[in-house]
Amino acid sequence: MNNEVNNKAVIGNSPTRTTGMRTLRWTGGFLLVLVVIIVCCELAGWPFLRQPMQDFTSKTLHRDVIIERPFHLQLLGGIRLQVGHLQISAPPEFKVPYLVDARGLDLKLRYRDLFQLEEGQAYRIKAIRAEQLDAYLKRDSKKKATWDFELDDSGPARPFPFIEELSVNKGQARVDDAVTKAYLATSFYTEEGTHLKTPESSLKVKGEFGKRPLEGELVTQGFLPVATQGKDSAPINSKGWLKYGAVNLKFDGAVYDLFGTQRVKGKLDVNGPSLADVGDLLDLAFPRTPPFKVAAEVEKNTDQWKVNVSDAQIGRSRLAGQFVYDYGDLKPMLTGDVKGPLLVLADLAPAFGAPATNTTSNKKPAKIFPDESLDFATYDRMNANINIHFDAVDLGSIFKERISPLDFQLTLQDRKLTVAKLHAGTAQGSLSGALLIDAPEAKNKDESVNPPAPKWDIQLALKNIQLEKWLKVKPEDQAPKDKSKDKKDVDKDAPAYITGELNAKAKLKGEGKSTAALLKSLDGQLALMVRDGEISHLVVEAAGLDIAQSVGLLLGGDHSLPMQCAAMGLNAKQGVLTPEAALIDTPVTTVYIHGNMDLGEEQFNLKLQANPKNFSPFTVRSPILVTGPFVNPNVSISPGPIAARVAGSVLLAIVTPFAAILPFLDPGSSDQPANEGCLQTLQELKSKGKR
């Protein structure tokens, strides 16, 4: 009974089991066939996907894409595409044959790089190899470029892809960029063979950049590593040179990632006619300078350059420095320290529009102050904070003693250049002050064509400087006029033309795109005073035109007169300096100075009234006129009858501004005794004015 039941159950389940086994066999067979098909397609390289891939890529990029045989695609373990020819077109308005044309292309991608990609991130490409690569990179003035793709993507724009390895046997790219004014032809290739121990890659560039010719070459040991993103990737020894206009650059070091993170480390030698040319090349705010030579060690990481300048010669100045250029923020930042044994002041002249000191010209200039417009547009290229120290500053041929030392802080922040914490020592005295140049940004199209003039704020103070130690004020300091005499033949016992302790102060504001325009706009105050000074008797007598005494002094020698007071207060208005109170007071003569000096027109219009205190029948009291251009002034006697002594009303008019000079120069200071000589002169002015 039980056996019959069991038999029936077995018979009843047989069709179900048979069906299951059949399904299993069919499924297994299908999977096996599918695997075989996939393996066969993988081995064959999926040739039937060439046309669908070409159509899909063209539709996605909104560009004509050509993919030509041989075509080989691998999908197992990652994506690898090998094509005989790949071409991506450029937008028709650019009138170039294509964007990219590659032959013998081998492309590798990882699945994890695609699946883990987040919105806005750059695509990561494992490797690109090509036998030949050609590209046209063109951008118009509206910043539309051949490499811009109008993709149907509502997400944020993706940055340029990361390429971990790129090797090109032979390639070229043409760059036509209206934004950076770069018109370049580049070529790169890798050379292999038994004559070379290792493959050698070369990248060459030639063309024009920023309206200057540019040419250069970079040679690396090994395949051209356009991108090796691994942080532990081995460095590629590299040597290169670049010629930009008259600037020459040589590099010897290692390149880790030429077109990726662009890590660089090595030695750099640069020379050229001006540092401003290097600034134009690197888009940095460098000043106009005389010819220079710089030797430095450079190191670049992800978002920062480190530069150690071991030796730099700019004109006749020598310096060294350490800098960090951080370009990771919205606006790059340059920080560092500059130190040097010597700064020659004349080497700063080109920064203010004057020609370099080595410029030779037999033509006498008609103007002293340069009218060349300075390039304030470079102020927008970066921010900066530089500490500067020089052991000595050579001021020029008329100065006997150098400044030693010189310290100041140079900052550039949002188009405002500041020289602060200025302190210098010379001739037992000091120089201090500050400078601010505010170059405002253009607010509209009209201002972008003709930017507003920068605003200047100048504050300077000279304190307790010994004139006889600072200036060449003795005959022996000057070369003898008679070339038959040696300098040692000059009378070394002759007194200095002027001595004493100089104090001066200037508070000025103005605006202008050039030095000449700035001086033409100056407003403010200047004042100077000489404490405990002496002046050559010959100079005073010549100014007073006391002929008898002057001739006697010329024949019998010279001696000095103490200056009871020497002070001058000037008011600046639109570049015209007007003495409100200016005099030199000695025991024998008081000289009053009237008129003005026009800095904009570079013209003197001064009257020197000598008022002798002693009697001489040969004393001429007619004023002396100093007129004409700064470069060639005319000194003459005022025409007309001999004038009387200076009127009392004129003296009283001098009293108030003269009394204001002392506190302006040294308000509230108690480290020096009051200038008793000038106080005495002030009392004499008051008493004479009341007569």
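pLDDT is the predictor's confidence in each residue, from 0 to 100, and a contact means heavy atoms within 4.5 Å. This is a predicted model, where local features need pLDDT of at least 70, side-chain atom pairs count only at pLDDT 80 or more, and totals for chains, interfaces and linings use all residues. Residues are numbered from 1 along each chain as its sequence is written, and side-chain values use heavy atoms, with hydrogens and water left out.

**Exercise 1.** Find how confidence is spread over the protein.

*Solution.* Start with the average pLDDT, which is 81. Next, note that 77% of the residues score at least 70. Then look at residues 224–229: pLDDT stays under 50 there, and the model has 33 contacts for them beyond four places in sequence.

**Exercise 2.** Work out which strands β27 pairs with, and in what sense.

*Solution.* Helices (H or I, at least four residues) and strands (E, at least two) are DSSP runs, numbered from the N terminus; two strands pair if DSSP finds at least two bridges between them. First take β25 (residues 523–536), which pairs with β27 (residues 565–573) in the antiparallel sense over seven bridges. Here Ala 527 has Gly 569 of β27 as its bridge partner. Now turn to β28 (residues 576–585): nine bridges join this strand to β27, again antiparallel. Ile 584 in β28 stands opposite Ala 566. Finally, inspect the turn: β27 and β28 form a hairpin with two residues between them, and Gln 574 in that turn has a positive phi of about 50°.
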